[in-house]
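Please look over the sequence and the structure below before reading on. The text that follows is meant to be read with both in view.

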Amino acid sequence: MKKDTPSHSSLSNDDISLFRQTITGAKVFKQDTHRFDTKPKVSQAKQFAQQKKQAQSEFFFSDVYIPDIDTHGTVKYVKPGQDTFLAKQLRRGDFAPDLTLDLHGLNKELAKDELAGLIHECKKQHYYCACVVHGIGGGVLKHKVPQYLVQHPDVIAMHQAPLEYGGRGAVLILINLPQSDEFRR
């Protein structure tokens, strides 16, 4: 079977000569190859927000400071000046967490950033209780997370989570929320 291919016979000689006159002086150009960056550029505002978040987490969470809390047994802490009954209420599960942060697979530096972000989000959304799931694994985050949380001025209480929220692999925290005018009456 023969395909129908356009032939020059369908074009008149005048058309062919007109075409050749039209393209006279045209140059063959070299095709440029442009490779775009594979990484998307981060906007300056986004970069500034990341730097600010990192600076805040470094301010609140120090690896040098080791608070006087037992991280090998049941983790519990109540900020001085707060009711010690808060720890018992957390242990019993009287407070249901509004947010849960899962730190599985993160290193200490990323965990600090995420903890700062969690506390900021709790204050922004007016969430009183949050759950931080650190896991048991090698035990690095299991020991470091409570030490970081104790250093933050907005954490008023912390206790090992009840089984339904993660047990020995998680802690429940209470956040100090700013009181609005309607609660002060």
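The paragraphs below go from the sheet to the cores, then to the cysteines, one loop residue and the salt bridges.

This is a predicted model, in which local features need pLDDT of at least 70 and side-chain atom pairs count only at pLDDT 80 or more, while totals for chains, interfaces and linings use all residues. Residues are numbered from 1 along each chain as its sequence is written, and side-chain values use heavy atoms, with hydrogens and water left out.

The sheet is a convenient place to begin. Helices (H or I, at least four residues) and strands (E, at least two) are taken as DSSP runs and numbered from the N terminus, and two strands are said to pair if DSSP finds at least two bridges between them. On these terms five strands make up an open sheet with mixed pairing, in the order β1-β4-β5-β3-β2. Because β1 (76–78) and β2 (99–102) each have a single partner strand, they stand at the edges, and one side of each is left without a neighbour in the sheet. From one strand to the next the twist averages 20°. Edge strand β2 is joined to β3 (residues 129–133) by four bridges in the parallel sense, and within this part of the sheet Asp102 stands opposite Val133 of β3.

Two helices pack on this sheet, where contact means heavy atoms within 4.5 Å. Helix α3 (residues 85–92) touches β1, β3, β4 and β5 (170–175), and its direction makes about 45° with that of β4. Helix α5 likewise touches β1, β3, β4 and β5, but its direction makes about 160° with that of β4. Such axes are lines fitted to C-alpha atoms, for helices over the stretch in contact, and the angles run from 0 to 180 degrees between N-to-C directions.

The packing can also be followed through the side chains. In soluble globular proteins, nonpolar side chains tend to be buried together. A nonpolar core is here a set of buried Ala, Val, Leu, Ile, Met, Phe, Trp, Tyr and Cys residues joined through side-chain atoms within 4.5 Å, with buried meaning under 20% relative accessible area, exposed over 50%, and partly exposed in between (1.4 Å probe, protein chains only). The largest such core has 25 residues, of which Leu115, Leu149, Met158 and Ile173 touch the most other members. At least two residues of this core come from each of α4 (108–125), β3, α5, β4 and β5, and the largest share, six residues, is supplied by α4. Beyond residues up to four places away in sequence, Ile173 touches Leu118, Tyr128, Cys129, Ala130, Val132, Leu149, Val155, Ala157 and Met158. Apart from the largest core lies another, of 14 residues, with Ala87, Phe95, Val133 and Ala170 among them.

How many disulfides, meaning pairs of cysteine sulfur atoms within 2.5 Å, does the structure hold? There are zero. For Cys122, the nearest cysteine sulfur is that of Cys129, 8.3 Å away, and Cys122 counts as buried because its relative accessibility is 0%. For Cys131, the nearest cysteine sulfur is again that of Cys129, at 7.7 Å, and Cys131 is buried, with a relative accessible area of 1%.

The loop between α5 (140–151) and β4 (155–160) contains His152, which counts as buried at 4% relative accessibility. Leaving aside neighbours within four places in sequence, His152 is in contact with Phe60, Phe61 and Ile119.

Side chains of opposite charge can pair when their charged atoms come close. With a salt bridge defined as a side-chain nitrogen of Lys or Arg within 4 Å of a carboxyl oxygen of Asp or Glu, a search of the whole structure finds four. In one of them Arg92 is bound to Asp94, the closest N and O atoms being 2.7 Å apart; Arg92 is partly exposed at 41%, and Asp94 is partly exposed at 42%. Another joins Glu109 to Lys112, with the closest N and O atoms 3.6 Å apart, and because these residues are three apart in helix α4, about one helical turn separates them. Glu109 is partly exposed at 41% relative accessibility, whereas Lys112 counts as buried at 5%. Asp154 forms a salt bridge with Lys123, the closest N and O atoms being 3.6 Å apart, and this pair links distant parts of the chain, since Asp154 lies in the loop between α5 and β4 and Lys123 in helix α4, 31 residues apart. Asp154 counts as buried at 16%, while Lys123 is partly exposed at 25%. Finally, Asp63, Glu109 and Lys112 are joined into one network by salt bridges that share partners.

Methods: A disulfide is a pair of cysteine sulfur atoms within 2.5 Å.
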